[in-house]
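Please read the following walk through the fold with the model open beside it. The text goes from the whole chain to the sheets and then to one side chain.

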Amino acid sequence: MAENAIVLLDNEHTVIYDGQKPVFDTKNKDPELFTAVVVPLKYIHSFSFKIANTISDDELAMKTELKMYKEGGLDVQKEYAVDFIKYELDHEYLIEAFALSLDDFNHHIANFSYKIDVVDLALPRFLIYEALYKTEEEKKSNDLYIYISDDEAFGAIYQNGRYIGHRVINSLNAISKRTGLELVKLKEYLQEKGFNRDNYGLEETLILDTVIEVFSKDIEKIVYSINHKRGLFGLTGIDTVIIDFEGHTLEGIGDFFSQYGFEPVIKPLTHHIQQATPSLSVLLEYLFGLHQGADFHQVNLTHLERKKPLSQYTGFRYLIETLITIVVLLGIGIFVSYYLNQQQERITLLEVKAKERKKKIEDLSLRFKKIKKKNDRLLKEKEGLEDKIFVYETTFRVIPMIGQIGIKRQKMMNDILKVLKKYRLSASSIFQKDEKRFEIQLISQSAKRGNISKFMHDLIELGYKNVMTKDITYEDGVYKSKIYISVKEVE
């Protein structure tokens, strides 16, 4: 048998499967092989809730277990295995959680005729039908699987090849007790005659009505679940109903759905699996695919996980990692100690150099302050010299003009020069327009434009009339203005 084979534990026998043909044995199996067992739904607690999709998987697992205890009805005095399926809906998760107590798990495996040491996977049956969807075309369908056996029955809803929900219904034993009909006879009726009244004699009508009454309520529960999933997953309806009932169908079962507006195609599971035991074949295909890494939904509720090799235990790995870390740290410590001693010597040397450089910087800073102070003084002296030069140049330019003016206007020229000097202004020309008016072409540096107005004001104060200017122009940083003055008689 191939190493990648799997083992299914059944009440009567062990089934070993490697993807080719199942091998049946009473109790012998290779303990190294992947081992699974199907857990009856009567032992499994289920609970659904929504939660924000911003939390991590580890936090989600913790919150799911707490929810199962607080709201899912788990007994705090018992030990449970908890697992869940996560569905992403817009901005939140829909969680379908499942729990199996240690007591129920042990009770179930106690029914086997041989000792079980390891169970890698303990799962509910309703997930197995994902193994039937092998192509994208097969996934384009909304299906309902109705599983019926002596001890268990359910309806499993699949959308586009993925399980999205289930509903537990009455098993054959439960129907037998409620109707008073023997189990063997009940199975015979359902497999051979189904729910078709034409197949029953007059004396059997009462039996059929009793079975239909029970089954009708079960179908109502399933339809309720379908409608609930419609709101959550946008389920548009049911295209196909597949009956998983020992290879048989249930004639007339479509009538139960038609009264709710559903007209699905009804097929037996043998339509998909052409074998004598189609349900077992699907189960083995699911388990084998899952073991090979297939993207199936998985729920694992085992309490007998395989003991991992010592190297795989987190604690052991931590111990090895700690020992390695200690050895590495010791080596690092020795190296660091040597390195620090070397660095300390370098630091001491650098500190000495730093002090010397600091002293040099302080000396340079003091010299810089002295130079700056001297520079400020020289700038001020330069500014004074520039003002004096400006006045002298103006005076030299005007002196020739004075010689050309009569003695009668000498006082006026003296007044003009006096005011020019006062405000450090320059005149490019001074000439007499007529007997009573003078015109002065005044020049002012841009920073001293206001002195033109002061010049005119002082002349007015000295007794000159009609002191005015027609325009002031600006060019290359110099203001030019023509000043017109009406003379006064010299005493």
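The protein holds ten helices and 17 strands, where helices (H or I, at least four residues) and strands (E, at least two) are DSSP runs numbered from the N terminus. This is a predicted model, in which local features need pLDDT of at least 70 and side-chain atom pairs count only at pLDDT 80 or more, while totals for chains, interfaces and linings use all residues. Residues are numbered from 1 along each chain as its sequence is written, and side-chain values use heavy atoms, with hydrogens and water left out.

Of the 491 residues, 40% are buried, meaning under 20% relative accessible area with a 1.4 Å probe and protein chains only. Among contacts (heavy atoms within 4.5 Å) with a separation of 6 or more, 63% are between residues 24 or more positions apart.

One open sheet has five strands in the order S3-S2-S1-S4-S8, with mixed pairing; two strands pair if DSSP finds at least two bridges between them. Its edge strands, S3 (23-25) and S8 (121-123), each pair on one side only. From one strand to the next the twist averages 25 degrees. Within this sheet, S1 (residues 6-9) and S4 (residues 34-38) are parallel and share four bridges, and Leu9 stands opposite Val37 in S4. Helix H7 (residues 278-291) packs on the sheet, touching S1, S2 (14-17), S3, S4 and S8, and its direction makes about 135 degrees with that of S1. Such angles run from 0 to 180 degrees between N-to-C directions, with axes fitted as lines to C-alpha atoms, for helices over the stretch in contact.

Another open sheet consists of three strands in the order S5-S7-S6, paired antiparallel. Strands S5 (44-52) and S6 (80-89) are at the edges with a single partner strand each, so one side of each lacks a neighbour in the sheet. Neighbouring strands here are turned by 20 degrees against each other on average, direction ignored. Ten bridges join S6 to S7 (residues 92-101), and Phe84 has Ala97 in S7 as its bridge partner. Helix H1 (residues 57-70) packs on this sheet and touches S5, S6 and S7, its direction making about 115 degrees with that of S6.

Finally, consider Glu152, in the loop between strand S9 (142-148) and strand S10 (153-159). Is Glu152 buried or exposed? Glu152 is buried yet has no salt bridge, and the nearest side chain of opposite charge, Arg125, is 4.2 Å away. A salt bridge requires a side-chain nitrogen of Lys or Arg within 4 Å of a carboxyl oxygen of Asp or Glu. The Glu152 side chain instead reaches the backbone nitrogen of Leu41 at 2.4 Å.

Terms used: Buried < 20%, exposed > 50% of the residue type's maximum accessible area, 1.4 Å probe, protein only. Lys, Arg positive; Asp, Glu negative; His and termini not counted. Polar contact = N/O pair within 3.5 Å; in protein donor to acceptor, adjacent residues only side chain to side chain.
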